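Let's take a walk through this protein together, one spot at a time. Have the sequence and the 3D view ready, and look up each residue as it comes along.

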Amino acid sequence: MMPGRVIDAGKRMAHIHAQGFSLLELAIALVILSLMMGWLMTPLRVQHSMQKYQQTEQRLQLAQQALLGHALIHHYLPCPDTDSPPDGWENVLSSQRCASDEGVLPWAQLGLVATDAWGRYFRYRADATFTHHAQWFSVAAAEGASNIQVTGESGAATSITSRPAAIVLSHGENGLGGIQSVSGGLTHAMAAPLHPDEQENADGDLLFVDKTQQQTGNAVFDDRLVMLSSKVLIQQMVQAQRLP
Ligand SMILES: [Ca+2]
Ligand SMILES: [Ca+2]
């Protein structure tokens, strides 16, 4: 055998060997890269979700303040927006009562952003005592006049109940039971909630649940709620000399 041929064969082998290694290395590198992306993306996702909750929380606080401001100016809380699609303005009957005690927060009237951080309108319920546009509420209304009940868990009997003058609610990240704002002024009704306490917040009655995030099987509770205390409302009205 010629010595040159042996060297050629050896080089070829080395070449094939090198190619084999580089493919294996590439595969390993890809696996490592995908793992690293996974590690990096998870905290990013959590961070993104947390930011949205913070943003929603801020908007809820602003809504609470704006409702107080509205009462100070007009002597009553605004009625819910019950138009479909919602237009951001309250719906009042000729009797000066609200068309409904529950609906969408009249964001335009209050000078607020229309939706929570996920693009869903805020649910708003106000007690009729505080929304009558002609018969203004008095100091006496501070004492248990509201029919709205907010509890820490479903089943009011077992937990402490608050009776706020009004509530503003975000259906949270899952948005179940809410109304999604779609571009072009259109809306999309979200699916019904699975968690019993989320169902309680979406059923349009007087009872609401306010508690920390919870997962029970497939059902998630992630709603966020602010209450407008009738006591705070009256106190602010008296302080501003809008009530005797
Ligand atoms: Ca929810
Ligand atoms: Ca309810």
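## The calcium site

Start with the calcium ion (ligand 1) in this predicted model. Its 6 donor atoms subtend angles of 47 to 172°, so the arrangement counts as irregular. To see what that is up against, recall the textbook case: ideal angles for six octahedral donors are 90 or 180 degrees. An octahedral label needs opposite donors over 155 degrees apart and all others between 65 and 115. The low end of the range here, 47°, falls outside those limits, which is why the site ends up as irregular.

Who does the holding? The protein donors are His171 (O), Asn174 (OD1), Glu198 (OE), Glu198 (OE), Asp222 (OD) and Asp223 (OD), and they lie 2.2 to 3.0 Å from the ion. Yes, Glu198 really is listed twice. If you go looking for these donor residues along the chain, their spacing reads H-x2-N-x23-E-x23-D-D.

## Glu198 and its neighbours

Glu198 deserves a closer look. You'll find Glu198 in helix H4, which covers residues 196–202. Skipping residues up to four places away in sequence, Glu198 touches His171, Asn174, Leu176, Pro193, Val220, Phe221, Asp222 and Asp223. Some of those names should ring a bell: His171, Asn174, Asp222 and Asp223 are also donors to the calcium ion (ligand 1).

Which side chain of opposite charge is nearest to Glu198? That would be Arg224, but it is 7.9 Å away, and Glu198 has no salt bridge even though it is buried. A salt bridge would need the charged atoms within 4 Å, so Arg224 doesn't make the cut. The two aspartates are tucked away as well: Asp222 is buried with a relative accessible area of 3%, and Asp223 is buried with 2%.

## Val209, a buried strand residue

Now hop over to Val209, in strand E8 (residues 207–209). Val209 has a relative accessible area of 1%, so it counts as buried. Leaving out its neighbours within four places in sequence, Val209 is in contact with Thr151, Gly152, Glu153, Ser154, Asp197, Glu200, Asn201, Phe221 and Leu225.

Take Leu225 from that list: Val209 and Leu225 are 16 residues apart in sequence, and their C-alpha atoms are 8.3 Å apart in space. Phe221 is another familiar name, being in contact with Val209 and also with Glu198.

## The disulfide

A disulfide is a covalent bond between the sulfur atoms of two cysteines. How many are there in this model? The count comes to 1, and the bond joins Cys79 to Cys98, with 2.0 Å from S to S. Both cysteines sit in the loop between H1 and E1, so the pair ties together parts that are 19 residues apart in sequence.

The torsion about the S-S bond of Cys79 and Cys98 is about -80°, and therefore the disulfide is left-handed. Are these two cysteines buried or exposed? Both Cys79 and Cys98 are buried.

## Backbone oddities

Stay in that loop between helix H1 (3–74) and strand E1 (102–104) to find Pro85. A cis peptide bond joins Ser84 and Pro85, with omega about 0°. Gln96 is in the loop between H1 and E1 too. Its phi is near 75°, a positive value in a residue other than glycine, and at 32% relative accessibility Gln96 is partly exposed.

Gln241 also has a positive phi, about 60°, without being a glycine. Look for Gln241 in the segment after helix H5 (230–239); at 72% relative accessibility, Gln241 counts as exposed.

Technical notes. Residues are numbered from 1 along each chain as its sequence is written. Chains are lettered from A and ligands numbered from 1 in the order in which they are written. This is a predicted model: local features need pLDDT of at least 70, side-chain atom pairs count only at pLDDT 80 or more; totals for chains, interfaces and linings use all residues. Side-chain values use heavy atoms; hydrogens and water are left out. Helices (H or I, at least four residues) and strands (E, at least two) are DSSP runs, numbered from the N terminus. Buried means under 20% relative accessible area, exposed over 50%, partly exposed in between (1.4 Å probe, protein chains only). Lys and Arg count as positive and Asp and Glu as negative; His and the chain ends are not counted. Contact means heavy atoms within 4.5 Å. Donors are N, O and S atoms within 2.8 Å of the metal (3.2 Å for Na, K and Ca); water is not among the atoms, so sites may look incomplete. Four donors count as tetrahedral if all angles lie between 85 and 135 degrees; four count as square planar and six as octahedral if opposite donors are over 155 degrees apart and all others between 65 and 115; anything else is irregular. A disulfide is a pair of cysteine sulfur atoms within 2.5 Å.
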